[in-house]
Number of protein chains: 2
Amino acid sequence: MSSHTPIGRKVTLNDIAAGCALSRATVSLVLRGSPLVNKHTRARVEQELRRQGYVYNRAAANLRRRTSSSIALVLNDLTNPFFAEFAAGVDQTLGEAGFVTLLGCTGESATREQAVLSSLLEHGPGGIILSPAEHSNAHEVLAAIGTQAPLLLFNRELGGAMPEFAHWDQLMLDNQHGTRLATEHLIARGHRRIAFFGGHLDSSSCRQRHAGYAQAMQAAGLTIEPHWRIECAPTRLDAAHQTHALFTGTPTPTAAVCYNDAVALGLMLGLNQRGLRPGKDFALTGFDDIAEAALGMPPLTTLSTAPRERGQQAAQLILQRLHEPQADSRKTIAAVQLIVRESSCPPSTT
Amino acid sequence: MSSHTPIGRKVTLNDIAAGCALSRATVSLVLRGSPLVNKHTRARVEQELRRQGYVYNRAAANLRRRTSSSIALVLNDLTNPFFAEFAAGVDQTLGEAGFVTLLGCTGESATREQAVLSSLLEHGPGGIILSPAEHSNAHEVLAAIGTQAPLLLFNRELGGAMPEFAHWDQLMLDNQHGTRLATEHLIARGHRRIAFFGGHLDSSSCRQRHAGYAQAMQAAGLTIEPHWRIECAPTRLDAAHQTHALFTGTPTPTAAVCYNDAVALGLMLGLNQRGLRPGKDFALTGFDDIAEAALGMPPLTTLSTAPRERGQQAAQLILQRLHEPQADSRKTIAAVQLIVRESSCPPSTT
DNA sequence: TTGCCGATCTAGATCGATCCAAATCCGAGG
DNA sequence: CCTCGGATTTGGATCGATCTAGATCGGCAA
């Protein structure tokens, strides 16, 4: 960097213009690659830009142009590898489009979500990608963001009614189809008595996943015993704890479709404690394909949601919305893919 | 420079001022909570702000005040739960201080790091927190960011000399001490043939971790066979792939100190594939204490770096630097803590 | 020489906020 | 009634870029 540049003081268009005896306007044209400038002039300017170590001030440009070059990404839990991977995908695609990601974490608190959203809004993002906190609702979100920026909901639905005048898009996972695939897979392996294990009844994703399971069972003409639906918190620990509930009534299931991978891994622990070998004596499937799923003992059959690809998709959707602000709001449902591993064995012959 | 999209019409200070027959300046004073304004006027203005749904334009304010309210966070790998947790910590503390996080992921590519840094710089962050990509060097980083914003290096040193005139702070982990603790622990459990597994030889953190291991081995009077140092990318997949290298020469090790948790978990996978039970037939330790470490099969003995706290600390350090731009640059080394779990079994007797 | 034209370049207003100096208001004191 | 001073309020310039409308400059046909 040139030593004649005073440290700390920023170089502006005016400095460059003065440096080559041109006007601000011309230098600005050069910066934006306008064909109006003489190529000789352009070369002179570009040299001066380098010489003075000029850095473009996008905030000033955005102010004048009334545009934005950032997108807010608000996540309920960055600690969850699923969302971390999602964030990486979002950032990658936004970066390629010349946008920058404004990050905000809410830690599953609707209150913090409010605060984070309005703080980010002040920085004028062109759009918002939001994976809502657990008890967040449409009314609160609307109060926080108004109609300043288009919103893309990811992964969870919001409580309360969606406002019609705002263009809120959605990107969701195909929960129902996923568990249906898993259930059909278990049926194809020969299972007839299949349980649905884990999750909270009042969560929308749990309801959807259970519906997919029920649909597959019904399509195969199999009956579902009431005691084959066991509720538990979507954590490994609670799942291990509730394992016994699978075996209290008759007939007992030979397999279980689990709410997600965490629950499935907990169920594996619980089975081991009862002397049952998961993937040998009892079959099970998960949902999410978290990194540990492939590493489990045995490796877990599960549904891959490709979180990085979902992130890229989310970024594309919001960029598309920026391009067409008035288009109808759309709901996208991302396909999930069944990953067959060893946990989904045929029923044991004993 | 890509073309960006126009935003809907915004409410500005002028609209508020007109709405209550006051000047822009007065409204601005109200916004900033100045004691100069009459409390009756203030109430009128605040009502009008709510009525029109005003959103503060921080970019415009920052332009005039020549300040910044954002910090860039540039990470080599957000997919790694260690960095994800770190990012959550950074974002939390920055948010509490009224700053917003500009996220950038480099995916371990020094080239992308350059691009990401200069793109983020155009948005005028007040400072930068950088966990460098693997082959990044001081010269390139300097070229990208110049002296526009103070830099805090996290986790890795940069290749090449640190420029003296720039105030580059550092926050590092006590890598060497950590692996030394882990190695001493394995030795105390009775191991004599201990390998060092994973990481890239040219990464500074890998060198430091290896040095701690070597130091402990030497202090215990144990020799290190050259083929006990296996290099691999710091990912689960590559670690699983390279597992065989541990068993190609004689004498074979009975335990391994791994570069980090990702590598250790990958090694577990590789061991399982070879029919060896990690934590029974072969002992291993990790580094980072990511969430999965405690949940592994078996749970992983590792070094806790408290990534969330490191993130908070990093945010505090950069904010402090903003407050005192001229202070001497400082290097902080964060302690790590050995967490003993089941993976570090005594050597198998067979 | 004059006038027109395309190719280049530029002055000045502008985006939405802040800062500064100066104006205005209002009641007390002379 | 007028002046003075503290409490409020305000006009206009400003941050660093972009935009609009118009200036400047050769060259060439009339």
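This is a short walk through a model with two protein chains and two DNA strands, covering how the chains meet, what lies by the DNA, and a few pieces of the fold.

Okay, housekeeping. The model is predicted, so keep in mind that local features need pLDDT of at least 70, side-chain atom pairs count only at pLDDT 80 or more, and totals for chains, interfaces and linings use all residues. Residues are numbered from 1 along each chain as its sequence is written, while chains are lettered from A and ligands numbered from 1 in the order in which they are written. When I say helix or strand, I mean a DSSP run, H or I of at least four residues for helices and E of at least two for strands, numbered from the N terminus.

Let's begin with the two copies. How is chain B laid on chain A? You turn it by 180 degrees and shift it 1.4 Å along the axis, and the RMSD comes out at 1.8 Å. So the copies are related as by a two-fold rotation axis. That superposition is by least squares on the C-alpha atoms of residues with pLDDT of at least 70 in both.

Now, where they touch. Contact here means C-beta atoms, placed from the backbone, within 7 Å. Chain A puts in 54 residues and chain B 50. On the chain B side, the elements supplying at least two residues each are α4, α5 (81-96), β2 (100-105), α6 (110-121), α11 (261-273) and α12 (291-295). Of these, α5(B) has the largest share, with 8 residues. By class, that side of chain B splits into 25 nonpolar, 19 polar and 6 charged. For the classes, nonpolar is Ala, Val, Leu, Ile, Met, Phe, Trp, Tyr, Cys and Pro, charged is Asp, Glu, Lys and Arg, and polar is the others, Gly among them. And 84% of the interface residues of chain B are also interface residues in chain A, so the copies meet through the same surface.

There's strand pairing across the two chains as well. Strand β2 of chain A, residues 100-105, pairs with β2(B) in the antiparallel sense over 3 bridges, and A:Leu102 sits opposite B:Leu102. Two strands count as paired if DSSP finds at least two bridges between them.

On to the DNA. A residue is near a strand if its C-beta atom, placed from the backbone, lies within 6 Å of it. Around DNA strand C there are 27 residues, and the closest are A:Ser23, A:Arg64, B:Thr12, B:Ser28 and B:Asn57. Both chains contribute through α2 and α4, each giving two or more residues, and α4(B) has the largest share, 5 residues. That surface has 12 nonpolar, 7 polar and 8 charged residues.

What about DNA strand D, which residues come nearest? Of the 28 around it, they are A:Thr12, A:Leu13, A:Ser28, B:Ser23 and B:Arg64. Again α2 (24-31) and α4 (58-65) of chain A and of chain B each supply at least two residues, but here α4(A) gives the most, with 5 residues. The split is 13 nonpolar, 7 polar and 8 charged.

Next, one helix in chain A. α13(A), residues 307-323, has 17 residues and reaches 24 Å from first C-alpha to last, close to the expected 24 Å; the expected span is 1.5 Å times one less than the number of residues. Is this helix mostly covered or mostly open? It's mostly covered, with 12 of its 17 residues buried, including A:Arg310, A:Gln313 and A:Leu317. Buried means 20 or more other C-beta atoms within 10 Å of its own, exposed means 12 or fewer, and partly exposed is in between, with C-beta atoms placed from the backbone. What covers those buried residues includes β1 (70-75), α5 (81-96) and β11 (331-334) of chain A.

Last stop, a sheet in chain B. Four strands form an open sheet in the order β7-β6-β8-β9, with parallel pairing. β7 (229-230) and β9 (283-285) are at the edges with a single partner strand each, so one side of each has no neighbour in the sheet. In the middle, β6(B) and β8(B) pair over 4 bridges, with B:Ala195 opposite B:Ala256. Then 3 bridges join β8(B) to β9(B), and B:Val257 stands opposite B:Thr285. From β8(B), B:Ala255 and B:Val257 point one way, B:Ala256 and B:Cys258 the other, and all are buried.
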